[in-house]
Amino acid sequence: MDALSAMMQLWLGGLLVAWALVLLGGFVLGKPNAEGTRRMTLWGRLGSSAILVVAAWSWWWQLRAQHNLTALLLALGMSLGFVGDLCMAQVFPLKNYVLGGMSAFGLGHVAYIWAGLRIESFNVLSWLIWLIVGALGWYVVVWHDSSRSRLHQVALPYALLLASTTGIATGVALEQLSMLTFAFGAALFLLSDLILATQLFNDARWRGIGDVVWFTYGPAQALIVYSMAWLL
């Protein structure tokens, strides 16, 4: 695979800069909501995510000759994440927008896991360690001292799925240090979702929690998408 052309480097670099500007701009230009839990604007959240979708498919276009399926899966994962963002922003008229978002994100992580398994062989130890972390995070944040509804139960396999992505990505990075961006991105995604879970399931309302979610989730997706650079 040849290196990126100057035009493609400019395009992908420009998209990364645009993503950062939209994400930061949405925060700087936004106003705190009534509860003070979020300042980030809707256009800052969805706009930055949409830019990463464009970047992901641009990477696929560049890599399609030798890494077609792997890059396709990563692009699909990001696209499904954007659908999840739309669900969580209640853009779609869903009765249960949280379940809709979890479903989209979950399918996205299936794509990420499949991509990771194509990059490197399966590392059982890293997967098991992160499964334990995911299960403990679910218990402490979601299940412990909660109303324990059906959605709380569904959150367990979802947490284990995200932890599996992180475990697979960690295994990939242990074999190929250049893929550390993939592992860091997956770990940040899990952290972001655990923070979001404290808000959704434990009614956490500390100041700026919604912005913390996006300042972990956004970079997580960016790291995963731009980890495709190392496939070159």
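## Two helices running opposite ways

Helices α1 and α7 are roughly antiparallel to each other. You can see why from their axes, which cross at roughly 175 degrees, and anything over 145 degrees counts as roughly antiparallel. The two axes come within 11 Å. Keep in mind as you look around that this is a predicted model.

So which residues do the touching? From α1 come L12, L15, L16, W19, L23, L24 and F27. From α7, they meet D211, W214, F215, G218, P219, A222 and Y226. Sort this contact by class and you get twelve nonpolar residues, one polar and one charged.

## The big nonpolar core

Now zoom out to the largest nonpolar core, which has 64 residues. W59, V225, Y226 and M228 are the ones with the most contacts inside this core. Seven helices each supply at least two of its residues: α1 (6-28), α2 (42-88), α3 (97-119), α4 (124-143), α5 (150-175), α6 (180-201) and α7 (209-226). Which helix gives the most? That's α2, with 15 residues.

Y226 is a nice one to click on. Skip its neighbours within four places in sequence, and Y226 is in contact with L12, L15, L16, L52, A55 and W59. L12, L15 and L16 belong to the α1 side of the α1 and α7 contact, where Y226 sits on the α7 side.

## M228, just past the last helix

M228 lies in the segment after α7. Is M228 buried or exposed? M228 has a relative accessible area of 0%, and buried means under 20%, so M228 is buried.

What does M228 touch? Leaving out neighbours within four places in sequence, the list is A56, W59, L63, A71 and L74. W59 also turns up among the contacts of Y226. For a sense of distance, try V154: M228 and V154 are 74 residues apart in sequence and 31 Å apart in space, going from C-alpha to C-alpha.

## Aromatic rings that pair up

There are ten aromatic pairs to look for in this model. One of them is F105 with F189, an edge-to-face pair. Their ring centres are 6.0 Å apart, with 80 degrees between the planes. Why edge-to-face? Because planes over 60 degrees apart count that way.

This pair links distant parts of the chain, as F105 is in helix α3 and F189 is in helix α6, 84 residues apart. Both F105 and F189 are buried. They also belong to a cluster: F105, F189, W214 and Y217 form one aromatic cluster. You've already met W214, which is on the α7 side of the contact with α1.

## Two residues to compare: T165 and W130

T165 is found in helix α5. At 1% relative accessibility, T165 counts as buried. Not counting residues up to four places away in sequence, T165 touches H109, Y112, I113 and A186.

W130, over in helix α4, is partly exposed, with a relative accessible area of 23%. Which residues does W130 touch, not counting those up to four places away in sequence? They are A163, T166, G167, T170, A187 and L190. W130 and P32 are 98 residues apart in sequence, and their C-alpha atoms are 35 Å apart in space.

Key:
Residues numbered from 1 in each chain as written. Predicted model: local features only at pLDDT ≥ 70, side-chain atom pairs only at ≥ 80, totals over all residues. Heavy atoms only, no water. Core = buried A, V, L, I, M, F, W, Y, C linked by side-chain atoms within 4.5 Å. Buried < 20%, exposed > 50% of the residue type's maximum accessible area, 1.4 Å probe, protein only. Helix = DSSP H or I, 4+ residues; strand = E, 2+ residues; numbered from the N terminus. Contact = heavy atoms within 4.5 Å. Axes fitted to C-alpha atoms, helices over the stretch in contact; angles between N-to-C directions. Parallel < 35°, antiparallel > 145°, perpendicular 65-115°, else oblique. Nonpolar A, V, L, I, M, F, W, Y, C, P; charged D, E, K, R; others polar. Phe/Tyr/Trp six-rings, centres within 6.5 Å; stacked < 30°, edge-to-face > 60°.
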